[in-house]
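Reader: I should like a close look at a single part of this model. Please describe one residue together with the strands around it.

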Amino acid sequence: RFAACGSAGGRLLVCGGETEQALLLEDDEDEELLGCTMEITARCDAFDVDAREWTSAAPMPLGVAHGAYAVLGDKLYVAGGIFTQGLEDGLEDESDALQVYDPAADAWTTETIDLPVDDNFGLFPGSCVGAARDGQLLVVCGGSREHHLVEVDGDPDGDARFELVEADPRTYAYDVESRAWSTLAPLPELREGFSVAVHGGEVYVVGGVSTSERAPPLVLRDDAWEELEGAPDDL
């Protein structure tokens, strides 16, 4: 589940994602369950369309799920994502890596993503979807609004309370040739569970749930998001 997928080198690639293995974080003294995550794999499988058979490809350097991914120049790019590798059972963390798979060499390369990190939400807040456009990996993030446990300043007892914290939507572009990140116009409002597609150099966002009553289809033109005219009301 939530693997990175794409067609490159004449093969369909399925890399990373959640397994069905639950990882439990338990308190040994009180025998209480403190948390639970699903194990995330680094496994990468390839389906040869002509031969109609599956083979194993080189595993990811860091197995992730929920990464933003796309194929550019016959290589699979995976940005960010959540990982469990190397962590205590029941814990997960966000990757700050851009991982690139080259089918010709059956090998991965990795570089650190050079972008600002939100203290509460990390690099890519909320639902983040990747797409390819004109030699760039686009990462469209819908932002997030959550209740976080924060310490009360000046409280001698060290009490804490839940506060509503928010991260605005963001859109980033990674240029494959210059290997540099840039910032594009963010979505006009928080949105999650959406899909992204590119056609004719324009970026389309469809579906999902937004903070308003509607989540209309959007198109990115001239670095500004516009509502797509003529779309059905329930799309």
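Author: Two strands are counted as paired if DSSP finds at least two bridges between them. By that criterion, strand 20 (residues 195–199) and strand 21 (residues 202–206) pair, being joined by five bridges and running antiparallel. The model is a predicted one. Serine 195 stands opposite valine 206 in strand 21. Two residues lie between the strands of this hairpin, in which glycine 200 adopts a positive phi near 60°. Strand 21 also pairs with strand 23 (residues 218–221), in the antiparallel sense and over three bridges; here valine 205 faces leucine 218 of strand 23.

The residue chosen for the close look is arginine 133, which belongs to strand 13 (residues 128–133). Among the residues that arginine 133 touches are Val198, Gly201, Val203 and Leu220, and contacts with Leu138 and Leu184 also occur. A polar atom of the arginine 133 side chain lies 3.4 Å from the backbone oxygen of glycine 201. Arginine 133 is buried but has no salt bridge. Its nearest side chain of opposite charge is that of aspartate 134, 4.5 Å away, whereas a salt bridge requires the atoms to be within 4 Å.

Strand 13 belongs to an open sheet of four strands in the order 13-14-17-18, with antiparallel pairing. Strand 13 and strand 18 (180–184) are at the edges with a single partner strand each, so one side of each has no neighbour in the sheet. From one strand to the next, the twist averages 25°. Strand 13 is joined by six bridges to strand 14 (residues 136–141), and the two run antiparallel. Within strand 14, glutamine 136 is the bridge partner of arginine 133.

Terms used. Residues numbered from 1 in each chain as written. Predicted model: local features only at pLDDT ≥ 70, side-chain atom pairs only at ≥ 80, totals over all residues. Heavy atoms only, no water. Buried < 20%, exposed > 50% of the residue type's maximum accessible area, 1.4 Å probe, protein only. Lys, Arg positive; Asp, Glu negative; His and termini not counted. Polar contact = N/O pair within 3.5 Å; in protein donor to acceptor, adjacent residues only side chain to side chain. Contact = heavy atoms within 4.5 Å. Axes fitted to C-alpha atoms, helices over the stretch in contact; angles between N-to-C directions. Lists of a residue's contacts leave out its neighbours within four places in sequence.
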